[in-house]
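Ready for a few exercises on reading a protein model? Keep the 3D view open and try each task before you peek at its solution.

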Amino acid sequence: MTDVFVYGTLMRGFPQGAMLKRFPHVAATTAGRIYRLPAGYPALRVGADGTVHGELVRGVDDRVLRLLDQYEGVDEGLYTREPIEVVSGLRQFAAEAWVMSDPEARGGVWIPTGRWSGAIRR
């Protein structure tokens, strides 16, 4: 079982969020930047200044992780699933997230608020 950090289309209330609806979710943040890509989906770059808001999804099983890797294009090199640190409340957690190494090279535009939900309404 793996905890994952989601920050865009896999969050509750978004169409692909249904893939994770049976798992517990809590609000969480991580250090980094979120980008809006021209194709209309987000990308996370970790290790950058800034805060990205999302959800920590607890106890995701290996079968669902494999499906999510397919959805995120891991085999095609679009994203990699990497270990990251997230904060929820006053606690720090180890999690995994789908990360893009250079979203700006793919035309990504930084979202200074760190929130995907605000970026898609524009």
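## Exercise 1: A salt bridge with Asp61

Task: explain why Asp61 counts as buried, then find its salt-bridge partner.

Solution. Start with the surface. Asp61 has 16% relative accessibility, so it counts as buried; the label means under 20% relative accessible area, while exposed means over 50% and partly exposed is in between (1.4 Å probe, protein chains only).

A quick word on the ground rules: this is a predicted model, where local features need pLDDT of at least 70 and side-chain atom pairs count only at pLDDT 80 or more, while totals for chains, interfaces and linings use all residues. Residues are numbered from 1 along each chain as its sequence is written, and side-chain values use heavy atoms, with hydrogens and water left out.

Next, look for the partner. Asp61 makes a salt bridge with Arg22, and their closest N and O atoms are 2.6 Å apart. That fits the cut-off, since a salt bridge needs a side-chain nitrogen of Lys or Arg within 4 Å of a carboxyl oxygen of Asp or Glu. Arg22, at 53% relative accessibility, is exposed.

Finally, place the two on the chain. Arg22 sits in the loop between β1 and β2, Asp61 in the loop between β3 and α1, and these distant parts are 39 residues apart. (Helices are DSSP runs of H or I with at least four residues, strands are runs of E with at least two, and both are numbered from the N terminus.)

## Exercise 2: More salt bridges

Task: say how many salt bridges the whole structure has, and which residues join into one network.

Solution. The full search turns up seven salt bridges. One of them pairs Arg81 with Glu96 at 2.5 Å, N to O. Arg81 is in strand β4 and Glu96 in strand β5, distant parts of the chain that are 15 residues apart. Both ends are partly exposed: Arg81 has a relative accessible area of 28%, and Glu96 comes in at 22%. Now follow the shared partners, and you get one network made of Asp69, Arg81 and Glu96.

Another salt bridge is Glu104 with Arg45, where the closest N and O atoms are 3.7 Å apart. Glu104 lies in the loop between β5 and β6 (109-110) and Arg45 in strand β3, so this pair ties together parts 59 residues apart in sequence.

## Exercise 3: Rings

Task: find how many aromatic pairs there are, and decide whether Tyr41 and Tyr79 are stacked, tilted or edge-to-face.

Solution. A pair of aromatic rings is described by the distance of the centres and the angle of the planes. Rings of Phe, Tyr and Trp (its six-membered ring) pair if their centres lie within 6.5 Å; planes under 30 degrees apart are stacked, over 60 edge-to-face, and the rest tilted. That rule gives two aromatic pairs. For Tyr41 and Tyr79, the centres are 6.5 Å apart and the planes make 50°, which is tilted. Tyr41 is in the loop between β2 and β3 and Tyr79 in the loop between α1 and β4, so the pair ties together parts 38 residues apart in sequence. Tyr79 is buried at 3%, whereas Tyr41 is partly exposed at 28%.

## Exercise 4: The core

Task: name the residues that touch the most other members of the largest nonpolar core, and the element with the largest share.

Solution. A nonpolar core is a set of buried Ala, Val, Leu, Ile, Met, Phe, Trp, Tyr and Cys residues joined through side-chain atoms within 4.5 Å. The largest one has 32 residues, and Phe5, Leu20, Val60 and Val86 touch the most other members. At least two residues each come from β1, β2 (25-36), β3 (42-60), α1 (62-71), β4 and β5 (91-99). The largest share, six residues, belongs to β3.

## Exercise 5: Two threonines

Task: say which strands hold Thr2 and Thr80, and whether each is buried or partly exposed.

Solution. Thr2 is in strand β1 (residues 2-6), and at 16% relative accessibility it is buried. Thr80 belongs to strand β4 (residues 80-88), and its 38% makes it partly exposed. Beyond four places in sequence, Thr80 is in contact (heavy atoms within 4.5 Å) with Ala97, Trp98 and Val99.
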